[in-house]
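Student: I'm new to this one. Could you walk me through it while we look at the model together?

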Amino acid sequence: MKVLPPRFSNAGKATFATVTKNETTTKHKEEKIRLPPPRQPTTEDGSGNLVETCEHSDGNAMSWKPYCDMWDSVNMIDLPPNVMTLSHTIPKVDVSHYFAEKADTIVRVLHVLNPNRIWLRSVLQDQTMEQLHTEIQDCYQLIQRNEWCLEANKVQYGLYCAAQIDHIWHRVKIVGPLMGNHVKIFFIDMGLIELVDYKCMKLLFNAFSVIPAQAIRASLACLIPRDNAWTRAESESLSAMITPGKQVLTAYTLNVNHKLGILDIVLKDVNMNRTSINEYFATVTKARWTGEIYLSQDPNVYRNKRRSFNEKYPSFYCIEEGHFPTIGELRHFVARNFDYEELYTRLPHFEKNGVVEKISQATNEQMVKLYGIVSATDQEELECTL
């Protein structure tokens, strides 16, 4: 049996037990999704196969390592039992359970970064989310303020936790370093990235890792922005149009990327008669609408077309791993007359073994030889040998 948190009441035991029932039969399932502590930002599918990377990871020219070192495991030694550790993960929901190509699905849009980076849920997931919401609130509201807290030395990249926002507890994943009292986290059931005070977070019980992350990735299909990339104003206008009160909309699925769990969709609102939200948004923003070309054809035609810049960058993985600014940060930048997203379109975006990266590496190697460039470390070694 799982160890209940201190001071857990009898009423709380009954509620918490509904999450942990059948533990014996599901133990082997939980074992399958436990991975070694992450040392480089990567993600895996339900079968444990590596499927995603981005320009900031996997040894590319712009790669970086998350804040982790040899002391990470040491800091985690005294974690209480039955909580998520760096060796645990929560799988993503299987989109094929709720979506099929060339079919309509009733959805709730949860979060919009831009028209090609949207997170949503099918209304068929409502019951699962209601159960999860009830169980996690009942559990963490019975825990004392000073119990099961996330300590500063345990704020580690890749750790799943519980975070309280507006008095509501959510499942989150840490995707950034501790900066003062704040850390960047990904709300795995909402698709939201935020900076929060680590003191508003607690360790997450293993029992809450059984239900897969519920936020599903989606992109508005058949849209090409006027200037090849969406502006912050255009993205904000779409968000205001489709997310207030998490209204119910109809999503026609044009393409499903099962490998990455991404949907290419056409959103429809019953109040907009025959015009889809995609087409209406294209008219408002003077974007190009290509629905008349692809909607009448086989999904393979859209799937195999050359993807535009806005469909490729930034990737969902890049955003969810904390490599891209939060919406709050983007708004703050714009308020200070610094348009990060506009600048982002001007930067070279490296793809592993891509042409741009190969040219850049070759050019750098030639410059090193031509000008005799050495690093500080190389210079120190050279002086030592002399």
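## Salt bridges and cores

Tutor: Happy to. Let's begin with the charged pairs: the structure holds 13 salt bridges. Keep in mind that this is a predicted model.

Student: Which residue forms a salt bridge with R303?

Tutor: Start from R303 in helix α8, which covers residues 299-303, and look 202 residues away along the chain. That takes you to the loop between α3 (72-75) and β3 (104-114). The closest N and O atoms of the pair are 2.4 Å apart, and the partner is E101.

Student: Is E101 buried, exposed or partly exposed, and what is its relative accessibility?

Tutor: Buried would need under 20% relative accessible area and exposed over 50%, with partly exposed in between. R303 has 34%, so R303 is partly exposed. E101 also counts as partly exposed, and its relative accessibility is 28%.

Student: How far apart are the closest N and O atoms of K184 and E329?

Tutor: A salt bridge here needs a side-chain nitrogen of Lys or Arg within 4 Å of a carboxyl oxygen of Asp or Glu. K184 and E329 do form a salt bridge, and their closest N and O atoms are separated by 3.9 Å.

Student: Why does that pair tie together parts that are apart in sequence?

Tutor: Because K184 lies in strand β7 (residues 182-187), while E329 lies in helix α11 (residues 327-335). Between the two parts, the separation in sequence is 145 residues.

Student: Which counts as buried, K184 or E329?

Tutor: Check each value against the cut-off, where buried means under 20%. E329 has 22% relative accessibility, so E329 counts as partly exposed. At 9%, the buried one is K184.

Student: Where does the salt-bridge partner of R217 lie?

Tutor: R217 pairs with E320, with 2.7 Å between the closest N and O atoms. Both R217 and E320 are buried. R217 is in strand β10 (residues 216-220), and 103 residues away E320 is in helix α10 (residues 316-320).

Student: Which residues do salt bridges with shared partners join into one network?

Tutor: Here, salt bridges have partners in common, and that links the residues up. The network consists of R232, E236, R331 and E341.

Student: What distance separates the C-alpha atoms of Y98 and S122?

Tutor: Y98 is found in the loop between α3 and β3. Leaving out residues up to four places away in sequence, Y98 touches S122, along with V93, T105, L124, Q125 and I216. Y98 and S122 are 24 residues apart along the chain, and their C-alpha atoms are separated by 6.5 Å.

Student: Which helix gives the largest share of the largest nonpolar core?

Tutor: That core has 52 residues, and Y140, I174, I185, M201 and L204 touch the most other members. The largest share is 5 residues, and it comes from helix α4 (residues 126-141).

Student: Which domains each give this core at least three residues?

Tutor: One contributor is made of 71-94 + 126-208, and another of 96-122 + 216-322. These are domain 1 and domain 2.

Student: What does Y140 touch, not counting residues up to four places away in sequence?

Tutor: Leave those neighbours in sequence aside, and seven names are left to look for. Y140 touches A162, W169, K202, L203, L204, F205 and F208.

Student: How many residues are in the second, separate core?

Tutor: Look for V93, I118, I242 and L267, which are included in it. The second core has 35 residues.

Student: What is the area of the nonpolar patch made by F338, L343 and L347?

Tutor: L343 sits in helix α12 (residues 340-344). L343 has a relative accessible area of 34%, so L343 is partly exposed. With F338 and L347, L343 makes a nonpolar surface patch of about 240 Å².

How values were computed
Residues numbered from 1 in each chain as written. Predicted model: local features only at pLDDT ≥ 70, side-chain atom pairs only at ≥ 80, totals over all residues. Heavy atoms only, no water. Helix = DSSP H or I, 4+ residues; strand = E, 2+ residues; numbered from the N terminus. Buried < 20%, exposed > 50% of the residue type's maximum accessible area, 1.4 Å probe, protein only. Contact = heavy atoms within 4.5 Å. Core = buried A, V, L, I, M, F, W, Y, C linked by side-chain atoms within 4.5 Å. Domains from an automatic or database assignment. Patch = residues over 30% accessible without salt bridge, like charges linked within 9 Å, V, L, I, M, F, W, Y side chains within 5 Å. Areas by Shrake-Rupley, 256 points an atom, 1.4 Å probe, with all protein chains shown as cover.
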